[in-house]
Amino acid sequence: MGLRRYGRRVAQQEAIGLISSFAKFSQHAAIIVTATVAGWLVSLTGIPLGWMIGSMLVTIAGSLKQFPVKLPGPMLDMVRATVGVMLGASFTHELLSSFSAWWVSLAFLLLALGIMYVLGFFLLRRISRFDALTASLCAMPGGIAEMVLLSEQKGADQARVAIVHALRIALAILLIPLLINLIADFEVIPPEAQTQLASITFTDWIWIFGCIVVGMLARGRVKLPAPIVVVPMIFSAAVHLLGWTEFEIPVSVTALVQVFIGINVGARFSGVPIKALIAALGAAAMVVALQISVAFSGALAVANALETDPVALVLAYSPGGLAEMSIIAVSVGRDVAFVGVHHIFRVLAALVLAPFLVAALSNREIKH
């Protein structure tokens, strides 16, 4: 009797486990299908990043309605690694030869970041009445995960920092594709003019998945900013520059990556009370308006001085995320590697300078 009872209990537990796994699978599948449909509908308008914008908006709506919209971490890691592979595939020998000319735009980017940070800090202190530590971390134009972690370590308002940075990225995704129309005429590259799934060989897929696996293994092991993106980018760039492969990421995969990034951005609002979101919206809009203004004016000035592409520089200087701005660059046919390298530099600068700037500005405020 005891063995039978034990056997029934084990069977029940296994059945419960299977039901739970199926429920989670169904939930994740529903999120992905809904976000994909929303992305497809927005993409029909022809605006850059339509797949991501539609996916993000429907996921934000689900988050605010308290629906479970978060996807498993490994799934999102694979998507981020794919972005790195895409960036690396755009590296060429001609691009490497132009690296020496990038120091001017990188130097101005550092200056722009400093202006964004200082002005954002004082606006958040004087107008939004944020405390010094929270204002310091909210004003930093980059590194959302790192800024949230730093807010916990320093005793800042962690929820407010997370909400403002999530809104920063969401608003940048919505506004930047529209605003770049004001500075240059361009057309979104139609899907039929991009790499098609059928053109990717079996060998290409091996290289693509190999680069992705390298990136996923680097997470938690490599001390670099955004290693899940940077490591596969380096590996992908290396195999392309060595002439071992010439693969490009197909347009259908790029669209799917946009959908998953949109889900990831929208899921950051999970559990956020609508009142807290509305309360932080004004501060976030102010910070984004400031950062985009500085990014556009700085990029246009540098583009004029260097006689280079203003759209690529605007995307390189904009306060959106590395993956998001790189995908926009793909959509509008700009130099993805140029944009990606500048955003890696931005994230690295934010991570290095944030602790010192937070301490300096916060101490100054406390003394006054």
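Q: What should the 15 residues of helix α10 span at 1.5 Å a residue, and how far apart are its end C-alpha atoms?
A: Helix α10 (residues 227-241) should span 21 Å (1.5 Å times one less than its number of residues), and its end C-alpha atoms are 20 Å apart, which agrees. Bear in mind that this is a predicted model, in which local features need pLDDT of at least 70 and side-chain atom pairs count only at pLDDT 80 or more, while totals for chains, interfaces and linings use all residues. Residues are numbered from 1 along each chain as its sequence is written, and side-chain values use heavy atoms, leaving out hydrogens and water.

Q: Is α10 mostly covered or mostly open?
A: It is mostly covered, since eleven of the 15 residues in α10 are buried (under 20% relative accessible area with a 1.4 Å probe, protein chains only; exposed is over 50%, partly exposed in between). Those buried residues include P227, the run from I228 to V231, and also M233 and H240. After α10 comes G243, whose phi is positive, near 80 degrees.

Q: How many helices and strands does the whole protein have?
A: There are 15 helices and zero strands (DSSP runs numbered from the N terminus: H or I of at least four residues for helices, E of at least two for strands). Of the 368 residues, 49% count as buried. Taking the contacts (heavy atoms within 4.5 Å) between residues at least 6 apart in sequence, 75% join residues at least 24 apart.

Q: What about α11, how does its length compare with what is expected?
A: The 17 residues of α11 should span 24 Å at 1.5 Å a residue, and the end C-alpha atoms are indeed 24 Å apart. Because 14 of those 17 residues are buried, α11 is largely enclosed by the rest of the structure.

Q: Where does S270 sit, and what does it touch?
A: S270 lies in the loop between α11 (251-267) and α12 (274-306), and with a relative accessible area of 24% it is partly exposed. Leaving aside neighbours within four places in sequence, S270 is in contact with S63, V69 and K70. It also lies 9.2 Å from T59, C-alpha to C-alpha, although the two are 211 residues apart in sequence.

Q: Which polar contact does the S270 side chain make?
A: The side chains of S270 and S63 make a polar contact at 3.4 Å (N or O atoms within 3.5 Å, one able to donate a hydrogen and the other to accept it; residues adjacent in sequence count only if both atoms are side-chain atoms). In addition, a polar atom of the S270 side chain lies 3.0 Å from the backbone oxygen of A267.

Q: Moving into α12, is Q291 buried or exposed?
A: Q291, which is found in helix α12, counts as buried because its relative accessibility is 0%. Not counting residues up to four places away in sequence, Q291 touches M116, A139, M140, P141, R168 and P319.

Q: And which phi value does R129 have?
A: R129 has a positive phi of about 60 degrees although it is not a glycine. Most residues other than glycine have a negative phi. R129 is in the loop between α5 (103-126) and α6 (132-139) and counts as exposed at 64% relative accessibility.

Q: What is the phi of E307, and where does this residue lie?
A: The phi of E307 is near 55 degrees, again a positive value in a residue other than glycine. E307 belongs to the loop between α12 and α13 (310-317), and its relative accessible area of 74% makes it exposed.
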